[in-house]
Amino acid sequence: MNGNIRTLLRLEIKNRFSNYSLVDYKSYFKLFGTLVITGAVIYALYWVAGLFFEMFDAAGLLYEALVLLVSLIFLFMLFTGVSSTIKVLYYKGDNEILMRYPVSGTEVFVSKTLFLFLTQFCVTAIVMAPFLVAYAGVSGLGTAFYAKIPVPILFLVFITFFLSNILAIPIMHLTNRIRNKFALIIIGLAVLVTLAFALYMLLFNSMVTFMNDKEFSVFSDEMVEIIENTAKWLIPMKYFADVMVGHELYVAYPALIGIQGLSLIGMILVIYFLYAKTLLNNVEVEGSAFKHVTRNRCRPVFLTLMHKEFLQVFRSVNYSFQYFVLACAMPVMVFFCNNITRELGQNQVGEQISLGMTMLVMLIFATVITSFSATSTSREGDNFYHTKVAPVSVRTQLFAKFLMYLLVSVGANAVCLAVLIGSEQMEIRDGLWLFAVVELCSVGLTLLSMRMDIAHPYFNLSGEGEVVNNNASTTMSVAMGFAVALTIGIVCMFLSYLGSLPKPITVPAGAFTLTLDMNFMFVVVSSMTGLFFVVSVLVYTIGLKKTYNRIAR
Amino acid sequence: MLEISHLYKKYLNSERFSVEDLSLSLQPGEIFGFLGQNGAGKSTTIKCLTGIYPFNSGKITICGYDIAKDPINAKLNMGYVPDNHSVYEKLTGREYVNYTADLYKVSKRDRNERFDKYVSQFKLTKAVDTQIKSYSHGMKQKICIIAALIHNPKLWVLDEPMMGLDHQSMAEILKRMDDHCAEGNTVFFSSHNLDLVAKICDRAAIIKDGKLQDVIDLHIKGNKETLEKRFVEITATEQDKINERTLLRRG
């Protein structure tokens, strides 16, 4: 390999994995932690894949299951491949830097392409391995199957890699065109996330049903027919599965070799004619600014602060996805999760705990959304000085941020509630109480998250001026939210269970006697929530100005 | 207009004061230059007087308002242009200026009038409705200046305003400084550019190691010409002086 290409490739790898440079015990610990988590995820995938194949096997659809899975992996690899190609080959800021050095464009291209290929190869191998091992276990194909695995994996890596290179430029142009259509992006992403989640939950629901009784198939006859017909037409994905199981090899091999050849020729043509042109165009065109012609508008101070805060989030695909999209998708997520958890609860400990289950589910989703407020100060980045020089008190500025979070949270929780009541998963009275509890917890979590960020802001932003990596406050916020959700949710479930016993338990407490009925549950959970809310407000308020003023930027 | 009295500022985890016993008094209608080498304490002083940094002791008043005790009123009388021209880049130029104008409660009539005047003066008419992230360095600096001036502040503070600007842009900013002072306001800016300070300032202060070394009235005959010499004398290290003597000996 040419010396320059080797240096550039090493630079690319070093840059990508700079977070894992082993310099002190902390870095070793971090690497170890990452490996443990990766191992756990792979094992979890293997376990779920095993269950997935067993479920299809019970209906005589094992081959079809493999085709479906390979198709999903193919699409996933294509998606990640296109995304990496756009980022590494065309958008990465270092293109401009590298062009100043005495290295040829071909060398830069080859080093980056090699990096992309290696990444694609590793990701494909890691993603496919647990599924294929699980398939071998369920199908009983054993060693013969393992011996054949490398061939389809290599086909998959090469074909998705070539196709990614062909698709990268048109997809990049398309994303550039819609890049500044923020409302469209949010709606599109919300629909996609909701659909993906609904599909996932349907599959999960089927798996749960299958786990409860492995003797019966979860698929109806019509469904079996649909799956069989679909698998037949999933071309070219079905050919990868055919090679693995030795099915119609006389069609599968020529088809895969043909597709590989064609996609290779397509990639060469795209690179030859379009690579340099697109790269130079991206280096020359600064950002992707949009024009928005308006008149000068006067707004009250508080409204202008909120308006600015909203635009800062709304005009960032990254932030919008983290916040608005998840808030939009929350009701659907809660609906499906609640459905399943209620079924699980009913089968095991009774209908009585369903209110607590719903509360737990809603609080967990509320936690994910409110954790965005843990970057409320950090997101200011280099603009933090604005907050100090503005003739507006710190409290007012922070309250404007808080109110935006509150409005989003109230909206998301209210829609959740409407969905739950509308779908008869909950009564109106319980629903209103649940809304009050979840909203108070959301407010408490938002205040605590904001306060943590004020105490330890993280101003290290990416090129687009956005917080890309989560700061410690976000992690803490999520952990705290989960702890609150689990504590309040479990107490609610436990006391609901006790309260709905045919003969409620009575406990003497001094001169009084406590009856552990449903009213007792409402009082205890409301008090716990109220206490958490009051503590959050106090923690947020005490010493706020002093801590804020201490931030020097 | 601006009174700084016995200002002390020490950063957390630092052993020495970054600004030590600094006192200054600026009058209405004057342009005041703040000179010093890198790390002398210019930006720290500016950040203290704008309210960005808290300080250990001393008093800063802007138009009679104490920045520590009555920050809102003090800030209402001041416009600030930072050295790194950081702005909310997702907003358009107009949105950013309007945001600032709202914070300073500028009326619609004044806003429209000043906005049109400055946008045309700084030649930003074509770019003002485009997102700031596409602006060049100079354009960002100009939009910062427009935002700082939209409420017609009595005290205009600029930290290294000419850094990285072309000749034309510098001339536009200097003209604006002159006009602002002619209206009875005060301009306070830090700079490394001695020629510039000598050319446009009424007075200049030199700071070294956080301590104010001298305040020079540039209207007094000869002071403009000797500003550079005095700056070098004050800020030069012992090694600089030895090097200079060696050069003189060698003719």
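**Exercise 1.** Which residues touch the most other members of the largest nonpolar core?

*Solution.* Start with the term. A nonpolar core is a set of buried Ala, Val, Leu, Ile, Met, Phe, Trp, Tyr and Cys residues joined through side-chain atoms within 4.5 Å. Buried means under 20% relative accessible area (1.4 Å probe, protein chains only). The largest core has 165 residues, and B:Met177, B:Phe188 and B:Phe189 touch the most other members. Its largest share, 13 residues, comes from helix H13 (residues 317-348) of chain A. A second, separate core of 68 residues includes A:Leu9 and A:Tyr63.

This is a predicted model: local features need pLDDT of at least 70, side-chain atom pairs count only at pLDDT 80 or more, while totals for chains, interfaces and linings use all residues. Residues are numbered from 1 along each chain as its sequence is written, chains are lettered from A, and side-chain values use heavy atoms, without hydrogens and water.

**Exercise 2.** Find the charged partner of B:Lys47.

*Solution.* Locate B:Lys47 in helix H1 (residues 42-49) of chain B. Helices are DSSP runs of H or I, at least four residues. B:Lys47 is buried but has no salt bridge; that would take a side-chain nitrogen of Lys or Arg within 4 Å of a carboxyl oxygen of Asp or Glu. The nearest side chain of opposite charge, B:Asp83, is 4.6 Å away.

**Exercise 3.** Compare the radius of gyration of chain B with that of a compact globule.

*Solution.* The radius is taken over C-alpha atoms; the globule rule is 2.2 Å times the number of residues to the power 0.38. For 251 residues, that gives near 18 Å. Chain B has 19 Å, which agrees.

How values were computed: Helix = DSSP H or I, 4+ residues; strand = E, 2+ residues; numbered from the N terminus. Buried < 20%, exposed > 50% of the residue type's maximum accessible area, 1.4 Å probe, protein only. Lys, Arg positive; Asp, Glu negative; His and termini not counted.
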